[in-house]
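Student: Please take one part of this model and go through it closely. I would like the sheets and what goes with them, with the cut-offs for each term.

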Amino acid sequence: MSDGMRIGIAGAGLGGVAAAGLLQRAGFDVVLFDQAPAFSRLGAGIQFGPNVLKILAHLDGLDKKLEAISCLPDYWVSRKWDDGAVMAKIPLNAERDRYGAPYITIHRGDLHQAMLDCISPERVRWEHKLIDFVDNGRDVTLSFENGATETVDILVGADGINSCVREKIFGLEEAVYTGWIAHRAIIPGAAAKSLGADVNAKWWSDDRHIVCYYLDRNEDEFYLVTGEPAEWTSRAGQLPSSQEALREVFKGFHLLVQGYIDATDVVTKWPLKTRDPLPTWYQGRTVLMGDSCHPMKPHMAQGAAMAVEDAAVLARALKELGTKDLERTFRAYHEARKERATKVQSISNANTWLRQPEDPYWCYGDNVYDLALG
C-alpha cells in the first residue's frame with residue numbers, strides 16, 4: 001500500500017530513475033532530484049543482462065523498446081591479449097530462452113533517456129543538488145544547493161559513490177581508490193567491422209584488459225573501455241586522455257586491439273573507486289541503494305544492474321510490506337539484497353568474471369520478483 005507517501009529520491013542515475021518509475025507505478029507520490037542542469041547523452045557504453053531486462057519489463061514494456069535499439073550479442077568472448085586465443089565463449093542471447101530475457105549492449109545515454117521517458121516529467125527536479133536533510137521521525141526535510149527545500153515522507157539515497165545521504169548517516173569517509181583507472185572511447189562501427197571485430201569481447205593480460213562492443217542495433221558505434229593499474233592524484237572524476245596514452249598502455253596487444261586504438265578520437269579516463277560493505281543501508285525514514293551503499297569496479301558490468309535490482313526490491317518492499325513500520329520494510333529490503341550485492345561487488349572488484357569458462361546463470365538468470373520478502 002502506498003498510504004499516500006511522498007518519496008524523494010536523490011540522484012537521477014539509472015538506479016534512481018528505475019526506483020522512481022517503479023515506485024510511481026506502485027502508487028507512490030515520487031519526486032526525483034538531481035544536481036545536473038538537465039539530461040545529457042554521456043559518452044559511454046553499458047551492458048544490461050537478463051536480470052535487469054526482467055525488471056525493465058515492469059516499466060511499460062521498456063525491455064521491448066530497448067531490445068529494438070540495442071545490440072544483442074549471442075556470446076561473451078574472452079581473448080588472450082597477445083595472440084587473440086579464445087579463453088572463454090559464454091552464451092548470452094544464444095541461450096536467451098534459458099535466461100528468460102535478452103542481454104543488451106547500448107549507449108548509456110540512450111538507455112538513460114529511454115528510462116527517463118518512463119517517468120512523468122513533472123516528477124524530475126534538475127539542478128537540485130542535495131546538501132543536507134533532517135529526519136524528524138515524521139518526515140524528512142531536504143535542503144539543496146540552489147536554496148530550495150522540500151519535505152518528503154521517505155528519502156531514498158541513489159546519489160552515487162560520494163552520496164550525501166550516506167555521508168549524513170555514516171559520516172564523511174573518502175571512497176577508496178583501487179589503484180586502477182579506466183580509459184574509454186567510442187569509434188565508428190564501420191571501422192570496427194572493417195577490422196573484423198567481435199560483437200562483444202574482452203581482451204585480458206595479467207594486469208590489464210580492454211572490453212569492446214557495439215552500442216546499437218545497427219552497429220553504428222563501437223565502445224572501448226579498459227582497466228589498468230595507474231596512479232591517480234586528481235580530485236576530478238574524469239580527465240581527458242589520448243590515443244597515444246592508449247597505445248602506450250596496450251603496447252604489444254593483438255593487432256585487432258591496435259586497430260581499435262588507431263580509430264579513436266576522443267579518449268577519456270577516470271579512477272576506479274570502491275567502498276567497504278556497509279553494516280546496514282537504512283536509518284529512520286532514509287534508505288540507500290546502488291553505488292551509495294555498494295559501489296564496485298565495473299568489471300562485471302553489473303554496477304548499474306545492482307542499482308536497478310535494488311530499486312525493484314525496494315519498490316516491492318514498500319508496496320507489499322507497507323510504510324507503517326519502515327524499520328521492518330527497510331530491513332526486509334536490506335536482507336533480500338545485501339548478500340547478492342556484496343557477492344557481485346567482491347567478484348567485480350577481483351576482475352575474474354568470465355575470464356575462464358563458467359556458467360553465469362546465478363547472475364543473469366536471477367529474477368527479483370521471485371524473492372520472498374519479510
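Tutor: What follows covers two sheets, then a pocket, then two cysteines.

The model is predicted, so local features need pLDDT of at least 70 and side-chain atom pairs count only at pLDDT 80 or more, while totals for chains, interfaces and linings use all residues. Residues are numbered from 1 along each chain as its sequence is written, and side-chain values use heavy atoms, with hydrogens and water left out.

Strands here are DSSP runs of E of at least two residues, numbered from the N terminus, and two strands pair if DSSP finds at least two bridges between them. One open sheet has eight strands with mixed pairing, in the order S5-S4-S13-S14-S15-S12-S17-S16. Its edges are strand S5 (86–91) and strand S16 (239–240); each has a single partner strand, so one side of each is left without a neighbour in the sheet. Within this order, S12 (residues 176–188) and S17 (residues 268–274) are antiparallel partners joined over seven bridges. In that pair, valine 176 stands opposite threonine 274 of S17.

Another open sheet, also with mixed pairing, has six strands, ordered S7-S2-S1-S11-S19-S18. Strand S7 (124–125) and strand S18 (282–283) are its edge strands, each pairing on one side only. S18 meets S19 (residues 286–288) in the antiparallel sense, over two bridges, and glutamine 283 stands opposite threonine 286 in S19.

Next, the pocket. A pocket is an open set of points on a 1 Å grid over the protein atoms alone, where a 1.4 Å probe fits, with protein on both sides within 12 Å along at least five of seven lines; lining residues have an atom within 4 Å of a point. The second largest pocket holds about 250 Å³ of space. It is lined by 14 residues, and those closest to its centre are Asn162, Glu174, Ala175, Arg235 and Arg275. By class, the lining comprises seven charged, five polar and two nonpolar residues.

Last, the cysteines. The structure holds zero disulfides, a disulfide being a pair of cysteine sulfur atoms within 2.5 Å. For cysteine 164, the closest cysteine sulfur is in cysteine 293, 15 Å away, which is too far for a bond. Cysteine 363 is in no disulfide either, as its nearest cysteine sulfur, that of cysteine 293, is 17 Å away. Cysteine 164 counts as buried (under 20% relative accessible area, with a 1.4 Å probe and protein chains only), because its relative accessibility is 16%. Cysteine 363 is buried too, at 0%.

Definitions and conventions
Buried means under 20% relative accessible area, exposed over 50%, partly exposed in between (1.4 Å probe, protein chains only). Grid points are joined across faces, edges and corners, and a volume is the space filled by probe spheres set on the points. Ala, Val, Leu, Ile, Met, Phe, Trp, Tyr, Cys and Pro count as nonpolar, Asp, Glu, Lys and Arg as charged, and the others, Gly among them, as polar. Helices (H or I, at least four residues) and strands (E, at least two) are DSSP runs, numbered from the N terminus.
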